[in-house]
Amino acid sequence: MSGPSSYKPQSAAAKWFDDRLPIARLVHDSFIAFPTPRNLNYLWTFGGILTFFLVAQIVTGVILAMHYVPNETMAFDSVQHIKRDVNYGWLIQPLHAVGASFFFLAVYLHIFRGIYYGSYKAPREVLWILGVFIFLAMMATGFLGYTLPWGQMSFWGATVITNLFSSLDGVIPGLGTAIVTWLWGGFSVGNATLNRFFSLHYLLPFVIFGLVILHVWALHVAGQNNPTGLDIKQDSDAVPMSPYAVSKDVFAMVAFLIPFAYFVFFMPDWLGHADNYIEANPLSTPPHIVPEWYFLPFYAILRAIPSKLGGVVAMVSAILILLVIPWLDTSRVRSCKYRPIFKWCFWAFVFTCLALGYLGAMPAEQPYIFWAQVFTFLYFAFFLIAMPIVGIIETPSRLPRSITESVLGKNGGGSSLPAGAASAPEKR
Ligand code: HEM
């Protein structure tokens, strides 16, 4: 997507600077003149929303860190101090905590959008894989951050999740226990653990930031996908990113911020767990340890498998399998809009993820375990059975000849390419 630059410096100084560091040219070509498919719907606004939330999390996090104390005797009280005494702490703390939830909500919508419209397919595999790395780094950051308030759920959640490494004892005796002790910096979750978790929780968002730069770079090389899954083939298929896509992004962001503000101002604790308002107590295990809502589907998969090592392998595979979906999906057509069978598989997959989320929040007992096993099977069946097989047996519905035709109808499309040539992955 990197054509000749249309940037024209507006003054002698701008030209002088551009000859030495063409950063204004880079911004102009990447975010103003960049050709954007004319048919993008609101699901394409979540990338911008995610960028906003990443920056907001870093800004609010840096302010919180000025008052937070990463010490096991003071961490819980320091969060209370932030909420009660620090200027605007009552606002900044929920902006960060509720922000994490909305960040995950946005990333899940972004990922499901990618799956529905086949945005992971050629030539966007690297863009997708970078996305999966971002997702992994987000999960690590979310988990580490949840430990910091040092409430009961923080402490016991950290204990349960770090203990998962002990399952490696089943592979090499002693290895898992050694890793857990090393992670903890002692023989239980304690002050050393809290210190390193704080340090890594501060570091990882900057790693995510770096990954996002690569992600957006890869996006600018491949160009944006769109609801038809067709490539841009003629000038009328695209519009300049600014003002068209940018104004849509801003509108969607404001709309997304309304429910976010509602949570921050009216129910800031609603997404958290009541037990996390009790200070961590290593002598009292909560009857029911659950992670934040955005980890629940993976938690359900973890508990669905009767063996500890098996559960860990299933949970890790449930995330890592995303890395290979560009090669699991055999369809020549990207968008589910034109995939009559796979479309239903997609919606069954969405239902499966929601069901796993529900089951992850339930106690680890029957009948929940049975259903978690059923939905774990369906989760993997989507990737390992539906993706390869449906792509082969399904007859896609007729594709429009061009993006323009999909918007303006047959008379609007100026392309003379045959319909079959319009789906791009055949270029592979
Ligand atoms: C901090 C998290 C993330 C940020 C800031 C981010 C940012 C962006 C932006 C700005 C775009 C272009 C606008 C759009 O299509 O919405 C984009 C596109 C994309 N992202 Fe992300 N992203 C993030 C996470 C992810 C994750 C976790 C995945 C997948 C696992 C992913 C996969 C994709 C794909 C496939 C596209 C291309 C979509 C298309 O053109 O159809 N992203 N991302």
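Biologist: At what angle do H5 and helix H10 pack?

Modeller: Keep in mind that this is a predicted model. Helix H10 covers residues 241–266, and its axis lies 10 Å apart from that of H5. The crossing of H5 with H10 is right-handed. As for the packing angle, it is about 140 degrees.

Biologist: Is H5 oblique or roughly antiparallel to H10, and why?

Modeller: An angle has to be over 145 degrees to count as roughly antiparallel. H5 and H10 pack at about 140 degrees. That is why H5 is called oblique to H10.

Biologist: How many nonpolar residues are in the contact of H5 with H10?

Modeller: From H5 come Pro94, Leu95, Val98 and Phe102, and they meet Phe260, Phe263 and Val264 of H10. This contact has no polar and no charged residues. The nonpolar count is seven.

Biologist: Let's turn to the other end of H5. Which residues of H5 make the contact with H4?

Modeller: The axes of H4 and H5 come within 6 Å and cross at roughly 120 degrees, so H4 is oblique to H5. On the H4 side, the contact is made by Val79, Ile82 and Lys83. By class, the contact has three nonpolar, two polar and one charged residues. The H5 residues are Gly89, Trp90 and Gln93.

Biologist: Which residue in the loop between helix H4 and H5 has a positive phi although it is not a glycine?

Modeller: Most residues other than glycine have a negative phi. The residue you are after has a phi of about 60 degrees. Its place is the loop between helix H4 (75–84) and H5, and its name is Tyr88.

Biologist: Where are the cis peptide bonds that lead into Pro243 and Pro367?

Modeller: Most peptide bonds are trans. The bond from Ser242 to Pro243 is cis, with omega near 10 degrees, and Pro243 is in helix H10. The other cis bond joins Gln366 and Pro367, with omega about 0 degrees. Pro367 sits in the loop between helix H14 (342–361) and helix H15 (368–393).

Biologist: How are H14 and H15 oriented to each other, roughly antiparallel or oblique?

Modeller: The axes of H14 and H15 come within 9 Å, and they cross at roughly 155 degrees. The crossing is left-handed. Angles over 145 degrees fall in one class, and that makes H14 and H15 roughly antiparallel.

Biologist: How many polar residues does the contact of H14 with H15 have?

Modeller: Residues of H14 in this contact include Phe342, Phe349 and Leu356, while those of H15 include Trp371, Phe375 and Phe382. By class, 15 residues are nonpolar and no residues are charged. The polar count is one.

Biologist: There is a ligand too. Which residues around the ligand come nearest?

Modeller: The ligand has 29 residues around it. Helices H3 (46–65), H5 (89–116), H6 (125–147) and H9 (191–222) each give two or more residues to this shell. By class, the shell has 18 nonpolar, 10 polar and one charged residues. The nearest are Gly47, Leu50, Ser119, Gly131 and Asn225.

Biologist: Over which residues does pLDDT stay under 50?

Modeller: The mean pLDDT of the chain is 95, and 95% of its residues reach 70 or more. Where pLDDT is low, the predicted coordinates should not be read in detail. The model has 39 contacts beyond four places in sequence for the stretch you ask about. That stretch is residues 413–428.

Definitions and conventions. Residues are numbered from 1 along each chain as its sequence is written. This is a predicted model: local features need pLDDT of at least 70, side-chain atom pairs count only at pLDDT 80 or more; totals for chains, interfaces and linings use all residues. pLDDT is the predictor's confidence in each residue, from 0 to 100. Two residues are in contact if their C-beta atoms, placed from the backbone, lie within 7 Å. A residue is near a molecule or strand if its C-beta atom, placed from the backbone, lies within 6 Å of it. Helices (H or I, at least four residues) and strands (E, at least two) are DSSP runs, numbered from the N terminus. Ala, Val, Leu, Ile, Met, Phe, Trp, Tyr, Cys and Pro count as nonpolar, Asp, Glu, Lys and Arg as charged, and the others, Gly among them, as polar. Axes are lines fitted to C-alpha atoms, for helices over the stretch in contact, and angles run from 0 to 180 degrees between N-to-C directions. Angles under 35 degrees count as roughly parallel, over 145 as roughly antiparallel, 65 to 115 as roughly perpendicular and the rest as oblique. A crossing is left-handed if the near helix is turned anticlockwise from the far one by less than a right angle, and right-handed if clockwise.
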